[in-house]
Structure formats: C-alpha cells, structure tokens
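Q: I am new to this structure and would like a close look at a single part of it. Please start from one pair of side chains, and then work outwards until I can see where that part sits in the whole.

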Amino acid sequence: AAQDIRALNEFFTMMNKDPDRAFYGYNHVFHACERQAIETLLITDELFRSKNISERRKYADLTEAAKQAGAAVRECSSLHVSGKQLASIGGLAAILRFPLPDLEDEAGDSDSGDDDGDGNDPVT
C-alpha cells in the first residue's frame, strides 16, 4: 500500500508540474499505451471486478499490454485511501516516460460523435 501511495503522489505531482506526462481516463491511457509511453500504470481493483465482462476484459487487456511494454503496474485496493483517490478520477491513471502533448487532440471525446468540434452531437 505504501508503494501505491507513493505512485499516486508521483502522479498528482506530475499532473501539476508536467501534465503532458500524467494521463487518466481510459481513452488517454489506452492511446499512451499504444505508443509504449507508460512508465507506471495505476488501476483500481474495482475495474477488474466489474459485472460487465467486456469491461473487465478491456482493463485486463490494457494492463497486460502495459506490462509487456515494460510499464510498472500498481493495482490499488478500493478499500485503501490510495484506491479511493484513484477511483475519484476514474480508477485509471498513467505516469508517462515522455510527454505526449499531441495526444489530447487524438484521444479527446472520440466516442461522442461530435465531428465538427462545436460541442453538439450530429443529428441523425
């Protein structure tokens, strides 16, 4: 648990001093993993216990891909303060090896259907 707290503190510090190296949320973390940019992956154990099997598989696959790319993976207990803090930002975060400033545009709300960037989904 002490290592989880240390890693989570490092993530929040990185968010403040170099936000292009601290990502959270599935889309951003997934794209960073595709580029083998993840140094440390933080994930709550709750994501592996989802009732939705495809949801569990999605997070298990991401975790495995990060490990294979050389990332350290910290699974934080939802019963511990570190897991609760991580859950407050979606349960998934990554400290990157190198900054990915261009990823914000690529990984934004890609599943919103908003093609023209006006904030409105297209009418079908």
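A: Start with Glu 55 and Lys 58, whose side chains meet in a salt bridge with 3.6 Å from N to O; please keep in mind throughout that this is a predicted model. Both residues belong to helix α3, where they lie three residues apart, about one turn of the helix. Glu 55 counts as partly exposed because its relative accessibility is 27%, which lies between the 20% limit for buried and the 50% limit for exposed residues. Lys 58, with a relative accessible area of 26%, is partly exposed too.

The same helix holds another such pair, for Arg 57 forms a salt bridge with Asp 61, and here the closest N and O atoms are 3.0 Å apart. Arg 57 and Asp 61 are four residues apart in helix α3, so about one helical turn separates them. Asp 61, at 40% relative accessibility, is again partly exposed.

These two pairs are among the six salt bridges counted in the model, and another one of them reaches across the chain rather than along one helix. In that case the side chains of Asp 4 and Arg 74 meet, with 2.7 Å between N and O. The pair links distant parts of the chain, since Asp 4 is in helix α1 (residues 2-17) and Arg 74 is in strand β3, 70 residues apart. Asp 4 counts as buried because its relative accessibility is 7%, under the 20% limit, whereas Arg 74, at 22%, counts as partly exposed.

Arg 74 leads on to the sheet, because within β3 this residue is the bridge partner of Leu 42. Strand β2, made of residues 38-44, pairs with β3 in the parallel sense over five bridges. Both strands belong to an open sheet of four strands, which has the order β1-β4-β2-β3 and mixed pairing. At its edges stand β1 (22-24) and β3 (72-76), each with a single partner strand, so one side of each is left without a neighbour in the sheet. On average, and with direction ignored, neighbouring strands of this sheet are turned by 15 degrees against each other.

Within strand β2 you will also find Thr 44, which is buried, having a relative accessible area of 1%. Not counting residues up to four places away in sequence, Thr 44 touches Cys 76, Gly 83, Leu 86, Ala 87 and Gly 91. A contrast is offered by Leu 79, which is found in the loop between β3 and α4 (81-87) and is exposed, with a relative accessible area of 76%. The C-alpha atoms of Leu 79 and Thr 44 are separated by 9.7 Å, although the two residues are 35 residues apart along the chain.

Helix α3, where we began, also takes part in the interior of the model. The largest nonpolar core has 18 residues, and those with the most contacts inside it are Val 29, Ala 32, Ile 38, Leu 92 and Leu 96. At least two residues of this core come from each of α2 (26-34), β2, α3 (53-68) and β4 (92-96). A second, separate core has eleven residues, including Met 14, Ala 22, Ile 89 and Ile 95. Such groupings fit a broader pattern, in that nonpolar side chains of soluble globular proteins tend to be buried together.

From the core you can follow Leu 96 outwards: leaving aside neighbours within four places in sequence, Leu 96 is in contact with residues including Asp 20, Phe 23, Ala 32 and Ile 38. The buried residues of α2 are His 28, Val 29, His 31, Ala 32 and Cys 33, and just after α2 comes Gln 36, which takes a positive phi of about 55 degrees.

To place all this in the whole, note that the protein chain has five helices and four strands, and that from the N terminus on its elements run α-β-α-β-α-β-α-β-α. Of the 124 residues in the protein chain, 35% are buried. Among contacts in the protein chain with a separation of 6 or more, residues 24 or more positions apart account for 78%. The protein chain exposes about 7300 Å², and carbon and sulfur atoms supply 47% of that area.

Definitions and conventions:
Residues are numbered from 1 along each chain as its sequence is written. This is a predicted model: local features need pLDDT of at least 70, side-chain atom pairs count only at pLDDT 80 or more; totals for chains, interfaces and linings use all residues. Side-chain values use heavy atoms; hydrogens and water are left out. Two strands pair if DSSP finds at least two bridges between them. Axes are lines fitted to C-alpha atoms, for helices over the stretch in contact, and angles run from 0 to 180 degrees between N-to-C directions. A nonpolar core is a set of buried Ala, Val, Leu, Ile, Met, Phe, Trp, Tyr and Cys residues joined through side-chain atoms within 4.5 Å. Buried means under 20% relative accessible area, exposed over 50%, partly exposed in between (1.4 Å probe, protein chains only). Contact means heavy atoms within 4.5 Å. A salt bridge is a side-chain nitrogen of Lys or Arg within 4 Å of a carboxyl oxygen of Asp or Glu. Accessible areas come from the Shrake-Rupley method with a 1.4 Å probe; for residues, only the protein chains shown count as cover.
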